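Biologist: Please show me the model, and then I will ask what stands behind each label.

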Amino acid sequence: MVKLKGATLIDSLIAVTISAIIIAGISFAFGFLLKSERPIAFYKAKEEINLLHENLVHSKAYFSDTFEHETYTIEQKVEPYQGSTKIWLVSYTIKINNKNIHTQNHLVLNEE
Amino acid sequence: MKSIKKIDFNLQASAMVYALFLLTVVSIIIGGLFYLSSLNRKLESTFEIEEILVNNSKSGIVYAQANFLELPTNKNVTIRLFNKGIDSVILTKQNWGAYQIITSQAVHNQKSFTKFVMVGSQSKSDLTNLYLADQGRPLSLSGKTKIEGLCHLPQTGVKRAYISGTSYEGTKLIYGQQKTSEKQLPKINSDLILQINQSSGEQQEWNNEVLNYHVPFDSITVHFISNAPIIIQNQNLSGKIIIESTDSVIISNEAMLKDIIIKSPKIIIENGFRGNIQCLATEIIRIEENVILEYPSVLSLIEIQQKEQKSSIQIAENTQIVGSVFLMSEVPNFRNPISLDISDQSIVNGFVYCNGQTELKGTVNGSIYTQSFYLKTASSAYQNHLLNAQILNNLPKEFIPIPLLEMSDQIKIVQWLN
């Protein structure tokens, strides 16, 4: 039988410290990961923004509006771009739990 | 007894090593998962940036349309669209035959996304369906002729005529509104003529061995040139290419051409060809039977010197053109005017301008401006007569003609080039 040397108190302390550091690092990273992960509602909202924008361009209905859903809200804001009557600045903001998650901007030619 | 105690002690120590080993393995596995997750986040962020760049490049096109006249030609202009976040675009305006091209490149660090569009302008005068200059002769209609829409006609008006045993079959002479025309056609936008005459790009001698060639619109123009006749046979050419011959260009029905420009005094398009081209000639353009020129094709003839043979555009039977056709002379001679012939069963969907005489036997769906009409039959020749011709008003709103009469600030997209 192979005989291994016994661990001293210092060895044990080092082992416990290393384990603690690794576990702390993993916990921190895991917490960060959970925080940064986007909810599925965000992706649904983004898909809807694409449809809303397509409809706005085709229907030429240049109005601000709010679209409320169970898990998210989309705010559509239409305003003249830099004061010009030729272009509209259309902004879509996704809100989840009253928090602004994402905003995207588009310019649209005023064809009225 | 002593040896048994020693064995117990050794076992405990190896348990700690095992524990550390296990911890290391678990850490590596969990670390790997985190790495995968962060990679996923990184990819997601890359896709998000790409999506923003695509949206910004489209917004850049809109900005360029609205500020078209202020944008310099062939110069890059960098703007920030929203003054926050990723919003830089580089805009360029360049001439391409009778149209113009806007390039919008959205940039962020080393990433970029570019959109190209061909644009034209939509002026109020495009609403006219027929403009016949007032040469003191009325317009005479016979057979199955049908004229729709807004018509600018001579003061002497329009009347029925009996030609080759056929009288006018319609219930009304004009199915639309009538206005009085001037003695001359509305003047051509001189900037457009200058634009058409411009030549640019990297010149190369034409070589028949060039078979497949695509030049993207963010590259330098490839300008093939030859002093001999050029015959385009089975070549597949598209994009930013100009083919120029100082003699003539013949396009066979096997050629596949898209968005390119053909320049020559004489251009002949052979029976059965189908494609999308801009033909810029100075003497003659002959389109043979069964040719289809897709939107937005252009046939342009600008006569720069009088020759024995009449300068003309001849469109044979069963041909379809979707785009713009125009003829003008820089050396007009009323004894030998430039002429446009549109044969039976041929259709021009779009805009036609002839500062000379037009023989219309087919259909123009859109607008036609002409100094006069003429009609040749087996027995005689007539001035300002139409027999079985049609001028219709069914052009879709999306059709954008070349800005021949005036450059309005209503810049519209003719086609997306990528």
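Biologist: Why does Asn384(B) count as buried?

Modeller: Asn384(B) counts as buried because it has 23 C-beta neighbours inside 10 Å. The definition asks for 20 or more other C-beta atoms within 10 Å of the residue's own for buried, takes 12 or fewer as exposed and anything in between as partly exposed, with C-beta atoms placed from the backbone. This is a predicted model, in which local features need pLDDT of at least 70, side-chain atom pairs count only at pLDDT 80 or more, and totals for chains, interfaces and linings use all residues. Residues are numbered from 1 along each chain as its sequence is written, while chains are lettered from A and ligands numbered from 1 in the order in which they are written.

Biologist: Where is Asn384(B), and what is notable about its phi?

Modeller: Asn384(B) sits in the loop between β26 (381-383) and β27 (385-387) of chain B. Its phi is near 50 degrees, a positive value in a residue other than glycine. Most residues other than glycine have a negative phi, and most peptide bonds are trans.

Biologist: What makes Asn318(B) partly exposed?

Modeller: Asn318(B) has 17 C-beta neighbours inside 10 Å, so it counts as partly exposed. Asn318(B) also has a positive phi, about 55 degrees, although it is not a glycine. Its place is the loop between β21 (312-315) and β22 (320-329) of chain B.

Biologist: What is the omega of the bond between Tyr295(B) and Pro296(B), and what is that bond called?

Modeller: Omega is about 0 degrees, and the bond joining Tyr295(B) and Pro296(B) is a cis peptide bond. Pro296(B) belongs to strand β20 (residues 292-303) of chain B.

Biologist: What decides that a stretch is a strand or a helix, and how many of each does chain B have?

Modeller: Both are DSSP runs numbered from the N terminus: H or I over at least four residues for a helix, E over at least two for a strand. Chain B has two helices and 29 strands.

Biologist: How do you know that β6 of chain B pairs with β27(B)?

Modeller: Two strands pair if DSSP finds at least two bridges between them. Three bridges join β6 (residues 139-142) of chain B to β27(B), and these strands run parallel. Within this pair, Ser140(B) stands opposite His385(B) in β27(B). The open sheet here has three strands in the order β9-β6-β27 (chain B), with parallel pairing. Its edge strands are β9 (158-160) and β27 of chain B, since each pairs on one side only.

Biologist: Which residues of β17 in chain B are buried, and which are not?

Modeller: Along β17 (residues 248-251) of chain B, Val249(B) and Ile251(B) point to one face and are buried, while Ser248(B) and Ile250(B) point to the other and are not. In a regular strand the side chains alternate between the two faces of the sheet. Three bridges tie β14 (residues 230-232) of chain B to β17(B) in parallel, and Ile232(B) has Ile251(B) as its bridge partner. On to β18 (residues 256-269) of chain B, β17(B) pairs over four bridges, also in the parallel sense. There the bridge partner of Ile251(B) is Ile269(B).

Biologist: How does the radius of gyration of chain B compare with that of a compact globule?

Modeller: Chain B has 32 Å, whereas a compact globule of 418 residues would be near 22 Å. The radius is taken over C-alpha atoms, and the globule rule is 2.2 Å times the number of residues to the power 0.38. The C-alpha atoms of chain B fill a box of roughly 140 × 45 × 40 Å along the principal axes. Buried residues make up 40% of chain B.

Biologist: What makes β1 and β4 of chain A edge strands?

Modeller: β1 (65-68) and β4 (99-109) of chain A each pair on one side only. They belong to an open, antiparallel sheet of four strands, ordered β1-β2-β3-β4 (chain A). Four bridges join β1(A) to β2 (residues 73-80) of chain A, and Glu68(A) has Thr73(A) as its bridge partner in β2(A).

Biologist: How is chain A divided, and how far apart are the parts?

Modeller: Chain A is divided into domain 1 (8-37) and domain 2 (40-109), with bounds from an automatic or database domain assignment. Their C-alpha centres lie 43 Å apart. Buried residues make up 12% of the 112 residues in chain A.
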